[in-house]
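Today I sat down with a new model and a fresh notebook page. I wanted to look up a few side chains and see what surrounds them.

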Amino acid sequence: MHRLPIMEFFPKAMDKKPKVTLFIQCLVDAVWPQVAEAMVRVLQKLGLSLECPTDQTCCGQPAYNSGYRREACIAAKRFIEIFEGSEIIVSPSGSCVHMVRHHYPELFCDNPAWRQRAQRIAARIYEFTEFLVDVLGVEDVGAHFNGRITYHDSCQLLRGIGVKDQPRRLLRHVAGAEFVEMKNSDYCCGFGGSFAVKYPDISAAMVNDKVDHIIHSGARAVIGCDTGCLLNIAGAVSRRSLSIQTLHIAQLLAKDYL
Amino acid sequence: MPDISPETYVKVAKKGIANPVLQKALAGLQDRFGRGTAEAYRRLPEGPELRFKAHDIREKAIAHLDALLEILAAKIRANGGVVYFAQTAKEAVNYCITVARQNNVHRVVKGKSMVTEEIGLNPALQAAGIEPVETDLGEYIIQLAGEKPSHIIAPAVHKNRHDIADLFVKKTGIRRTTDPSELTQAARKALREKFLSADMGTSGVNIACAETGHITTVSNEGNIRMATTLPRIHIAFMGMERIVARLDEYEILLRLLCRGAAAQTMATYVSYISGPRRPGESDGPDEFHLVILDNGRSRILADPQFKEILYCIRCAACLNVCPVYGKIGGHAYGFAYSGPVGAVVTPLLTGINRAKDLCLGETLCGACMDACPVAIDLPRLLLALREKLAYGDENWQVKPASRMEGLAYKAWSYLIGHRYIYERFLKMAGVGQKLFPRSGTMIRRLPPPLAGWTQSRNFQPLAKETFIEGWRNKKAISNTP
């Protein structure tokens with residue numbers, strides 16, 4: 001096991017390796033648990049010890065994005081209570097990290113005590129690829145994949161928390177994989193939570209454009225960092241009977257794919 | 001009064017998606033301007049960060065709006081201009097008609113202006129027996145076709161040259177050609193006659209500056225300069241928010257406006273107007289009127305949550321990157337303003353309940369905020385509108401959009417508060433999902449309220465066991481590396 005740069009960065013605190021608390025997006029937990037399992041394998045391979053609060057559920061993003069702030073507040077308070085004692089929180093979802101990092105402090109703008117607690121959590125939460133590249137300084141986790149891959153930028157990941165290069169660096173280090181950019185990789189896939197259900201025509205037009213761009217890239221697999229988008233893209237790929245694989249980056253890095 | 005129909009968002013969006021001409025045009029527009037604008041911001045000597053400075057400038061201007069407008073009005077009056085503060089669309093339109101009648105005006109040449117769309121100036125002039133002529137090429141096409149603009153600065157983006165050729169043959173009697181420069185020449189010839197015979201010209205206002213007491217119009221065709229200098233009378237219409245305090249601030253906004261609107265360093269024609277022609281000058285109108293329009297803006301100004309939308313300078317940069325606008329086009333928004341800015345402004349000006357689909361029909365992807373030359377947080381504004389729709393709001397006379405949904409989120413907030421019950425619920429859903437038809441492992445059809453998902457996508461079914469269950473049972477994963 002190579003020495004992680006984070007240990008040089010925080011020599012005292014890192015005498016023992018950092019303890020990572022897993023925050024599992026509700027979609028991953030219920031629909032695509034393989035993503036979390038893959039993330040766990042990658043983090044364990046890097047020698048990190050992990051814990052996972054088993055009473056966690058949802059960060060409140062669905063309610064927040066639909067305008068139900070009070071219900072989102074209930075979720076946020078519960079999340080803060082559960083994760084408050086964690087050193088470092090890592091999640092396989094950019095949009096959930098954006099919710100906790102940016103929207104939690106804003107949700108409690110007129111409640112100083114809760115706001116402070118929210119800010120403390122906000123400073124300790126990382127999206128998976130951001131944690132690997134920015135915190136651990138790891139870009140090569142020894143993954144391999146045969147064939148061409150492309151990457152979809154999830155909106156909240158890219159514009160919410162500014163993660164653009166980190167996943168690309170990791171993808172460029174995947175042995176055997178040829179990484180290509182698709183056209184408009186930073187365009188929304190049309191998921192948007194309940195938007196996909198409430199405005200199916202618009203959402204379908206958007207995801208079909210996305211799938212067309214994936215096809216034109218010639219990639220065998222499209223990689224993303226947010227399961228909401230990936231379920232949307234995978235659903236359209238499946239409906240169109242295409243053989244393109246839709247993978248969360250953790251699955252690619254853990255070689256958890258067919 | 002103008003036609004306002006935000007209620008038909010879903011229906012018109014669907015039509016737009018099915019229209020191949022529109023789809024091609026919108027993709028081309030976004031490829032060209034969306035990417036171009038981002039590049040133009042990067043090439044700014046100050047870098048894209050200048051947008052945040054512009055945001056501060058606009059914030060300050062809106063905070064001192066009353067004082068700035070008084071200063072502007074006093075300077076314009078001192079220069080011999082007339083300033084009229086219109087509370088409503090009707091007042092603005094009536095003022096224009098009164099001035100026109102007093103001066104025996106029969107024909108009005110118009111520079112492109114979304115505010116005149118907002119107040120419905122053209123139909124009102126026509127009803128008063130006065131002929132309005134749009135002189136921006138795109139607007140001219142739209143007027144000939146009897147349609148509405150579908151983009152703030154490219155109003156005829158939904159028409160290709162074949163549509164325009166057919167239209168010109170039918171309406172102007174020219175020989176059919178699909179050559180863009182020949183079509184432009186035909187329009188130019190027709191418009192020259194209108195310019196020379198018009199008694200009044202109207203324009204919008206891109207930005208006004210209080211310090212110097214001038215308004216600015218920006219165009220690439222030169223038509224606004226002709227419309228504002230050739231006729232005897234010029235009336236400029238300005239949304240009351242379109243002002244900055246000082247010339248150095250104005251200069252920053254002008255540079256950002258040109259980049260946001262058309263990825264240009266500077267527009268081809270920029271006019272500074274502070275009054276009518278002075279004695280001894282050879283060009284310019286005898287009379288200059290500035291109509292400063294409220295029409296619901298004071299109400300927005302009074303709401304700290306929403307006043308940020310008044311920072312907007314209507315450049316359309318957000319339309320050029322919005323993935324939703326890029327599929328549905330501008331007509332779906334049902335009002336003068338389309339795209340992300342329309343989705344925020346239209347509900348606030350015309351009623352949040354009736355424009356609820358504008359508030360809810362976006363993905364909050366945030367591309368608009370990055371493209372905005374004054375860095376308006378449009379996703380935050382959409383969320384604030386959604387909050388009004390979720391709970392209702394007395395100040396804005398909003399009723400909750402869906403009691404059912406409100407109850408569903410209440411139930412959801414209980415469920416996610418209790419992991420044990422939450423898991424039992426997922427287990428039940430896991431059993432229930434076996435009833436739905438599949439293709440392979442994927443679910444092909446879901447019942448309402450989830451039917452929208454499977455209209456054109458398959459659905460990944462719930463896993464047999466959640467990750468957390470697996471973790472708890474220590475079956476799948478060991479906690480020790």
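I count a polar contact when a pair of N or O atoms lies within 3.5 Å; within protein, one must be able to donate a hydrogen and the other to accept it, and residues adjacent in sequence count only if both atoms are side-chain atoms. I also note here that this is a predicted model.

**Entry 1: an acid in chain B**

I started with B:Asp294, which sits in the loop between β10 (287–293) and α13 (297–301) of chain B. Its side chain makes a polar contact with the side chain of B:Ser298, at 2.3 Å. What is the nearest side chain of opposite charge to B:Asp294? I found B:Arg297, 6.1 Å away, and B:Asp294 is buried yet has no salt bridge. My cut-off for a salt bridge is 4 Å from nitrogen to carboxyl oxygen, so B:Arg297 does not qualify. Leaving out residues up to four places away in sequence, I saw B:Asp294 touch B:Ala86, B:Gln87 and B:Met240.

**Entry 2: salt bridges**

Over all chains I have 40 salt bridges. In one of them, A:Arg168 meets A:Asp153 at 2.7 Å, N to O. This pair links distant parts of the chain, with A:Arg168 in helix α10 (residues 165–172) and A:Asp153 in the loop between β5 (144–151) and α9 (155–160), 15 residues apart. I found both A:Arg168 and A:Asp153 buried.

Next I looked up A:Asp209 and B:Lys327, whose side chains meet in a salt bridge of 2.8 Å. A:Asp209 lies in helix α12 (residues 200–217) of chain A and B:Lys327 in helix α14 (residues 325–328) of chain B, so this pair joins two chains. A:Asp209 is partly exposed at 29%, whereas B:Lys327 counts as buried at 11% relative accessibility.

**Entry 3: aromatic rings**

I have 21 aromatic pairs over all chains. Why is the pair of A:Tyr126 and A:Phe131 called tilted? Their ring centres are 6.2 Å apart and their planes stand at 45°, so tilted is the word. A:Tyr126 is partly exposed at 22%, while A:Phe131 is buried at 0%.

B:Phe467 and B:Trp471 are also tilted, because their centres lie 5.9 Å apart with the planes at 40°. Both sit in helix α22 (residues 467–473) of chain B, four residues apart, which means about one helical turn separates them. B:Phe467 is buried at 1%, and B:Trp471 is buried at 5%.

Last, I noted a cluster in which ring pairs link A:Phe195, A:Tyr199, B:Tyr9, B:Tyr325 and B:Tyr333.

Definitions and conventions. Residues numbered from 1 in each chain as written. Chains lettered and ligands numbered in written order. Predicted model: local features only at pLDDT ≥ 70, side-chain atom pairs only at ≥ 80, totals over all residues. Heavy atoms only, no water. Buried < 20%, exposed > 50% of the residue type's maximum accessible area, 1.4 Å probe, protein only. Lys, Arg positive; Asp, Glu negative; His and termini not counted. Contact = heavy atoms within 4.5 Å. Phe/Tyr/Trp six-rings, centres within 6.5 Å; stacked < 30°, edge-to-face > 60°.
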